[in-house]
Amino acid sequence: MLPGMLAGLFPRDACTIDVAALAARARVRFLEDAVAAVDSGERTIRLVSGANLDFDVLSLDIGARMQDMPDGATNPGIIPVRPLTSALTRIQHAVAEIRAGTRDPELLVIGGGAAGVELAFAFRAALRDVPEANISLLQSASQVLPDVSRAAQQRALDLLEQYGIEVRRGLGRLEPDASGVRTAAGEIFRGQTILWATGAAPFSWLPTSGLVTTADGFLLTGRDLRCRGTDSVFAAGDTAQIDQFPMTPRSGVHAVRQGPVLNQNLRAAMRGRGRLQPYRPQKDFLRLLSTGDGRALAIYRGRTRHGKIWWQLKKQIDTRFLSQHRPPRVDSFTGPDPRMQEEMGDCGGCSAKVAPEILDQAIFKSTGNEPSDPTGREQGRVTITLADRDDAAIFTAAANRRVVVTTDAFPPFADDLALVAEIGAINAASDIYAMGATPRQALVLAGLPAQGTANDLAALQRGAQKAFAELGVEILGGHSVKVETPLIGFTVFGEIGDDPLTKGGAQPGDLLVLSKPLGTGILLAAARGGECPANWWASSIASMRQSNASAAEVFRQTGAHACTDISGFGLLGHALEMLAAGEVRARLDLAKLPALPGARELAAVGWSATGSEALQPYLEEVELEAKGVHAAGGIALLLDPQTSGGLLAAVPPEKAVGLIQADPIEGTDFQIIGEVLPASFQSPRVILDDGARA
Ligand SMILES: Cc1cc2nc3c(=O)[nH]c(=O)nc-3n(C[C@H](O)[C@H](O)[C@H](O)COP(=O)(O)OP(=O)(O)OC[C@H]3O[C@@H](n4cnc5c(N)ncnc54)[C@H](O)[C@@H]3O)c2cc1C
């Protein structure tokens, strides 16, 4: 579909599959990483990130790279067609520059196979209003489309000529040159944009895997798509070759048709029983080459046709395939399926926090006191302790240095444990920042399932190291246990000055400032159900990866009267804690609640974190004045448990306004969401409006 996209016949979005969402819907663990090496004997793979994974059964379907691909050093204008996404971005950039007259309009397409021919037509379509654009198709072999009949080759040549594309054949191997490309005989073709579409070549690391390869390095399989010499590794698509069918061309048609056979055989291999099915490639198949103008050249059994109907057919085949594998469009999201939710269990992230009333009981039991009356404080050892339900405890350390300490843990909210640990570490350090302190040391607690523990622990360690190194925190040690449901936790110690930022202290008239948008719980829940598009997921990850260091520093400098970290009890729960500690009330403006991209849309179709249900009782302390469109969506955000959420602070009004008007500070996204009101016995703790009052 890349040529169709380049020709302007498809928008980019229509040609992509959101793999993370697809995997979530299939209940498959997804890691955004690449395989660097496979050891088929040891049954392990090493990922580019450094992680190792063990396998019982492996399916390698990694496609191919370009043949004879030169490095870009000689001529930076060379664009390899694979990987497709980076190729498309570079091609579109080049086309835009040619149209703007800032780039030489000489274009070279290297390779006269189906991909090169289609791309040449697509360039012609993309530059239809740039008459000076010259497009040349350079082919090493004596014919274009080497695996079709003579008559079909001639028809393709006629069409290329008709569309004003110059074709040069029989050039042999082409080498890059500073001004374009050069033949072995020294002939030079000039061009600032050189699209390298030379056909499929195997990845160079495959022969080191211990798997049997063909002479040119592709994985050799039987008809059951199992790699020769193993019973546990399968391969399909462009990366493999079936030994009985060495002439089968590498094409999407075969890759797609191998899918159902591969699926069945992988399941049989994992069950350890059942017959493996053979793949039988068709002798010939209908080839449809887009000519970029809403027509296509059809080639079947030596006969050819060119016209609109063939483009319509190609478009239908391609879009049907994509739509089968894409999550539904946002406007047709169905929201959570109760059966699936039961199977999914509790959401990961902070929404797995114990419900507030259960926590209250636990504190009461462990201290033997009412939560507000801790014994440690009376004895002068402890300033703030667990029973205060604040973000962290404070105790006097040796040499009169005060230390802030906090602990935090949650089940993984995504499959990538390194990412989960990275965000978990940032989330844990956030409690320290919320106190106006600086995190210094940390301990790690990891509860992981028995299988794959070593690799999972390594991933976890890597993620935590990354986050803590950036925050200047040293990991002192930790403890790991085998558990049925994984759990990742951190205890973080920090240094604090004389005036900690605490939850108590908000004063009437203060404005409430939030430092990050809300919605991570909603987005994580939808991602687990396969209804979170990749761009929304990426924004939520970026937000969770953002530490609260800058926000805390700004709040300290602006003389914030109170501050708290927004996590598992949602904005409303943590705001209520802050208001209770300061013995004040607040008015919150639902229309001003900042939301991560997609959070409101997903909440509107019913997505919510499992933990949000337990936060409903907080609404008893709320009076709802908002009646407009913001009411329902705003409440979903208020009760959304945040993983690595922002800070909420009560800031003197003139300082708060100055904060919003000042230049943006990296790592913060301040928004005033309400104001602190004086205490009143008759009125509820929080009034929610939507900014519509006079
Ligand atoms: C411009 C162009 C037009 C084409 N048009 C057609 C057409 O009209 N009809 C047709 O039938 N065929 C067409 N093809 C060929 C078709 O695209 C391929 O044959 C098909 O995509 C092969 O599928 P695959 O699953 O084997 O590999 P791919 O589709 O290439 O998928 C492999 C995936 O593996 C990933 N990967 C690679 N290395 C690693 C790694 N180390 N670790 C993890 N992941 C990895 C890649 O990122 C990629 O997403 C065209 C090809 C091109 C370049």
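1. Let me start at a loop: P83 sits between strand 6 (78–80) and helix 3 (84–100). The peptide bond that joins R82 to P83 is cis, with omega at about -5°. Please keep in mind, here and below, that this is a predicted model. For context, most peptide bonds are trans. R82 is also worth a look for its side chain, where a polar atom lies 3.2 Å from an oxygen atom of the ligand.

2. That brings us to the ligand. Which residues come nearest to the ligand? Of the 21 residues around it, they are V35, D238, S251, G252 and K314. V35 contributes through its backbone: a polar atom there is 2.8 Å from a nitrogen atom of the ligand. V253 also uses a polar backbone atom, which is 2.9 Å from a ligand oxygen. On its own the ligand has 1000 Å² of accessible area, and the protein covers 65% of that. Two elements give two or more residues to the surrounding shell, namely helix 4 (114–126) and helix 6 (252–271).

3. Leading into helix 6 is a loop that starts from strand 17 (240–242), and P249 is found in this loop. Is P249 buried or exposed? It falls in between: its relative accessible area is 25%, so it counts as partly exposed. Leaving out residues up to four places away in sequence, P249 touches D147, H254, F285 and R287. P281 is 32 residues from P249 along the chain, yet their C-alpha atoms are 9.9 Å apart.

4. Now to the interior. The largest nonpolar core has 99 residues, and F468, F490, L512, F555, L571 and L648 are those with the most contacts inside it. Helix 11 (residues 417–434) gives the most to this core, with 13 residues. Why does the core lie between two domains? Because domain 3 (349–495) and domain 4 (511–689) both give residues to it. As general background, nonpolar side chains in soluble globular proteins tend to be buried together.

5. L571 is a handy residue to select if you want to look around in that core. Setting aside neighbours within four places in sequence, L571 is in contact with L514, L518, I566, L593, L638, D640, L648 and I673. One of these partners, L648, is itself among the core residues with the most contacts. There is also a second, separate core of 56 residues, which includes L157, Y163, I165 and L297.

6. L297 from that second core leads to T304, since the two residues are in contact. T304 is found in strand 20 (residues 303–307), and at 15% relative accessibility it counts as buried. Beyond its neighbours within four places in sequence, its other contacts are A152, R155, A298 and I299.

7. How many residues of helix 13 are buried? The answer is nine of nine, so this helix (residues 520–528) is mostly covered. The buried set runs through T520, G521, I522, L523, L524, A525, A526 and A527, and it includes R528 too. Just after helix 13, G530 takes a positive phi of about 75°.

8. Two residues other than glycine also deserve a check on their backbone. R43, in the loop between strand 1 (35–39) and strand 2 (44–47), has a positive phi of about 55°. S644, in the loop between helix 18 (630–638) and strand 31 (647–651), has a positive phi of about 50°. In general, most residues other than glycine have a negative phi. Their surroundings can be set side by side: R43 is partly exposed at 31% relative accessibility, whereas S644 is buried at 2%.

9. One more proline to inspect is P176, which lies in strand 10 (residues 175–177). At 8% relative accessibility, P176 counts as buried. Its C-alpha atom is 9.2 Å from that of I194, a residue 18 places away along the chain.

10. Finally, some totals for the whole protein. There are 19 helices and 33 strands, and buried residues make up 50% of the 694 residues. The protein exposes about 31900 Å², of which carbon and sulfur atoms supply 51%. Of the contacts between residues at least 6 apart in sequence, 73% join residues at least 24 apart.

Conventions
Residues are numbered from 1 along each chain as its sequence is written. This is a predicted model: local features need pLDDT of at least 70, side-chain atom pairs count only at pLDDT 80 or more; totals for chains, interfaces and linings use all residues. Side-chain values use heavy atoms; hydrogens and water are left out. A nonpolar core is a set of buried Ala, Val, Leu, Ile, Met, Phe, Trp, Tyr and Cys residues joined through side-chain atoms within 4.5 Å. Buried means under 20% relative accessible area, exposed over 50%, partly exposed in between (1.4 Å probe, protein chains only). Helices (H or I, at least four residues) and strands (E, at least two) are DSSP runs, numbered from the N terminus. Domain bounds come from an automatic or database domain assignment. Contact means heavy atoms within 4.5 Å. A residue is near a molecule or strand if one of its heavy atoms lies within 4 Å of it. A polar contact is a pair of N or O atoms within 3.5 Å; within protein, one must be able to donate a hydrogen and the other to accept it, and residues adjacent in sequence count only if both atoms are side-chain atoms. Accessible areas come from the Shrake-Rupley method with a 1.4 Å probe; for residues, only the protein chains shown count as cover.
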